[in-house]
Amino acid sequence: MHYVLRDKEGQIIALSAKPFKVGVEERLSSAHPEVKQFLGQGEPHAATKVFLDKSDTELSRILEDLVDLLIEKNTIMFTDLPNEAQQKLLYRKRARAALNKEASVLDENETL
C-alpha cells in the first residue's frame with residue numbers, strides 16, 4: 001500500500017510508504033491503475049493520451065485566434081467557412097465575451 005498525495009485537480013503527485021505530514025491520508029495498493037500510471041507502469045501511452053486530452057482546449061483557443069487573425073487580415077472570409085464551423089465559432093466567441101464581461105464586472109466591484 002502507498003500513501004498518496006494529490007494536487008488540486010486530483011492527480012497523484014507523490015507516493016510514499018509512510019504518511020505525509022500534510023494530514024491527507026489516502027492509501028492505494030500498488031495494483032491500483034492510478035498508482036501504476038504514476039509509476040509509469042500503466043497503459044503504455046497513457047501519459048501521452050492525458051497530455052493530448054489536456055492540450056485539446058488550449059489548441060482549440062489557438063485555432064480560434066488563428067481564424068480571427070486570418071479574417072482580420074482578409075486572408076479568408078468568415079463566410080468561406082462551413083456553416084457549422086461559423087456557428088461554433090460564434091457561440092464560443094459569445095461565451096468568451098460574456099465570461100470576460102462577468103470577470104470585468106467582478107474586477108470593478110473589487111476596486112469599489
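## Exercises on a predicted model

The side chains of Lys88 and Glu84 come together in a salt bridge, with 3.4 Å from N to O. Keep in mind that this model is predicted. Let's work through it.

**Exercise 1.** Work out how far apart Lys88 and Glu84 lie along their helix, and whether they are buried or exposed.

*Solution.* Start with the location: both residues belong to helix α3. Because they are 4 residues apart there, about one helical turn separates them. Next, check the surface: Lys88 is exposed, and so is Glu84.

**Exercise 2.** Find the salt bridge that Arg61 forms within helix α2, and classify its two residues by accessibility.

*Solution.* The partner is Asp65, at 3.1 Å from N to O. Both Arg61 and Asp65 sit in helix α2, 4 residues apart, about one turn of the helix. For the classification, recall that partly exposed covers the range between under 20% (buried) and over 50% (exposed). Arg61 has 36% relative accessibility, so it counts as partly exposed. Asp65, at 36%, is partly exposed as well.

**Exercise 3.** Explain why the salt bridge between Lys93 and Asp68 ties together separate parts of the chain.

*Solution.* First, the contact itself: the closest N and O atoms of Lys93 and Asp68 are 3.2 Å apart. Lys93 lies in helix α3 (residues 83-111) and Asp68 in helix α2, so the pair ties together parts 25 residues apart in sequence. Now add accessibility: Lys93 is partly exposed at 40%, and Asp68 is partly exposed at 27%. To round off the topic, a search of the whole structure gives 7 salt bridges, and a network of salt bridges links Arg6, Glu26 and Glu34.

**Exercise 4.** Determine the strand order of the sheet and name its edge strands.

*Solution.* Begin with the order of elements from the N terminus, β-β-β-α-α-α. In the open sheet, the 3 strands are arranged β2-β1-β3 with antiparallel pairing. The edges are β2 (12-16) and β3 (26-28), each of which pairs on one side only. From one strand to the next, the twist averages 40°. Looking closer, β1 (residues 2-6) pairs with β2 in the antiparallel sense over 4 bridges; Val4 has Leu15 in β2 as its bridge partner.

**Exercise 5.** Identify the residues of the nonpolar surface patch, then place Leu66.

*Solution.* The patch, of about 440 Å², is made by Leu59, Ile62, Leu63, Leu66 and Leu69. Leu66 belongs to helix α2 (residues 46-72). With a relative accessible area of 42%, Leu66 is partly exposed.

Key:
Residues are numbered from 1 along each chain as its sequence is written. This is a predicted model: local features need pLDDT of at least 70, side-chain atom pairs count only at pLDDT 80 or more; totals for chains, interfaces and linings use all residues. Side-chain values use heavy atoms; hydrogens and water are left out. Two strands pair if DSSP finds at least two bridges between them. Axes are lines fitted to C-alpha atoms, for helices over the stretch in contact, and angles run from 0 to 180 degrees between N-to-C directions. Patches are made of residues with over 30% relative accessible area and no salt bridge: like charges are joined within 9 Å, nonpolar side chains (Val, Leu, Ile, Met, Phe, Trp, Tyr) within 5 Å. Accessible areas come from the Shrake-Rupley method with a 1.4 Å probe; for residues, only the protein chains shown count as cover. A salt bridge is a side-chain nitrogen of Lys or Arg within 4 Å of a carboxyl oxygen of Asp or Glu. Buried means under 20% relative accessible area, exposed over 50%, partly exposed in between (1.4 Å probe, protein chains only).
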